[in-house]
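Subject: Structure for your review, with notes

Dear colleague,

I am passing on the structure we spoke about, and below it you will find my notes on what came out of the analysis. Please read them with the model open beside you.

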Amino acid sequence: MKKALVAYFSASGTTAKAAKALAQAVGAELYEIKPAVAYTSADLNWMDKNSRTSREMQDKDSRPALADRSACLQAYDVIFLGFPIWGIG
């Protein structure tokens, strides 16, 4: 059996729920991708053009720092990556 990992980023918890369900369904390990600076409710306000996430979405070079880089991706045969979709519309 292939060794699987579900790596995910979830600012509000929605993606976390989906990642946990997927990991359970396929028997994968979970790895939460965390930003070095956590997102606040104000940061996630997509209606505010000056919110953190709005500014990051507009900057194609934006790469927020990560809190942890310890995931050993080479140890897995299959990696599922989950992340929120912001700014659709």
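Where do R52 and E56 lie, and how many residues apart are they? Both belong to helix 2, which covers residues 52-58, and they are four residues apart, about one turn of the helix. Please keep in mind, here and in everything that follows, that this is a predicted model.

**Salt bridges**

The side chains of R52 and E56 form a salt bridge in which the closest N and O atoms are 3.2 Å apart. R52 also meets D43 in a salt bridge, with 3.5 Å from N to O, and in this way D43, R52 and E56 are linked in a network of salt bridges. What may interest you in setting up a calculation is the surroundings of these charged side chains: R52 and D43 are both buried, and E56, with a relative accessibility of 18%, counts as buried because the limit for that class is under 20%. Leaving aside neighbours within four places in sequence, E56 is in contact with Y39, S62 and P64.

The count of salt bridges comes to three, and one of them joins the side chains of K3 and E29, at 3.9 Å from N to O. K3 lies in the segment before strand 1 whereas E29 lies in strand 2, so this pair ties together parts that are 26 residues apart in sequence. K3 is partly exposed, with a relative accessible area of 36%, and E29 is likewise partly exposed, at 39% relative accessibility.

**The sheet**

How are the strands ordered in the sheet? The sheet is open and has three strands in the order 2-1-3, with parallel pairing. Strand 2 (29-32) and strand 3 (78-82) stand at the edges and have a single partner strand each, so that one side of each is left without a neighbour in the sheet. From one strand to the next, the twist averages 20°.

Strand 1, made of residues 4-8, is joined to strand 3 by five bridges, and the two run parallel. Within that pairing, V6 has F80 as its bridge partner, and L5 stands opposite I79. Strand 1 and strand 2, which also run parallel, are joined by four bridges, and here A7 has Y31 of strand 2 as its bridge partner.

Is strand 1 covered on its two faces by buried or by exposed residues? Both faces are covered, with A4, V6 and Y8 buried on one side and L5 and A7 buried on the other, which agrees with the count of five buried residues out of five for this strand.

**Helix 1 and the nonpolar patch**

Helix 1 (residues 14-26) packs on the sheet and touches strand 1, strand 2 and strand 3, while its direction makes about 175° with that of strand 1. L22 lies in this helix and counts as partly exposed, at 30% relative accessibility. Together with V26 and F80, L22 makes a nonpolar surface patch of about 190 Å². F80 therefore appears twice in these notes, as the bridge partner of V6 in strand 3 and as a member of this patch.

**S54 in helix 2**

Which residues is S54 in contact with, once its neighbours within four places in sequence are left aside? They are N45, W46, D48 and K49. S54 has its place in helix 2, as do R52 and E56, and at 7% relative accessibility S54 counts as buried. For a sense of scale, the C-alpha atoms of S54 and L73 are 30 Å apart in space, although the two residues are 19 residues apart in sequence.

If you look at two places in the model, I would suggest the network of D43, R52 and E56 and the pairing of strand 1 with strand 2 and strand 3.

With best regards

Methods
Residues numbered from 1 in each chain as written. Predicted model: local features only at pLDDT ≥ 70, side-chain atom pairs only at ≥ 80, totals over all residues. Heavy atoms only, no water. Pairing = 2+ DSSP bridges. Axes fitted to C-alpha atoms, helices over the stretch in contact; angles between N-to-C directions. Contact = heavy atoms within 4.5 Å. Salt bridge = Lys/Arg side-chain N within 4 Å of Asp/Glu carboxyl O. Buried < 20%, exposed > 50% of the residue type's maximum accessible area, 1.4 Å probe, protein only. Patch = residues over 30% accessible without salt bridge, like charges linked within 9 Å, V, L, I, M, F, W, Y side chains within 5 Å. Areas by Shrake-Rupley, 256 points an atom, 1.4 Å probe, with all protein chains shown as cover.
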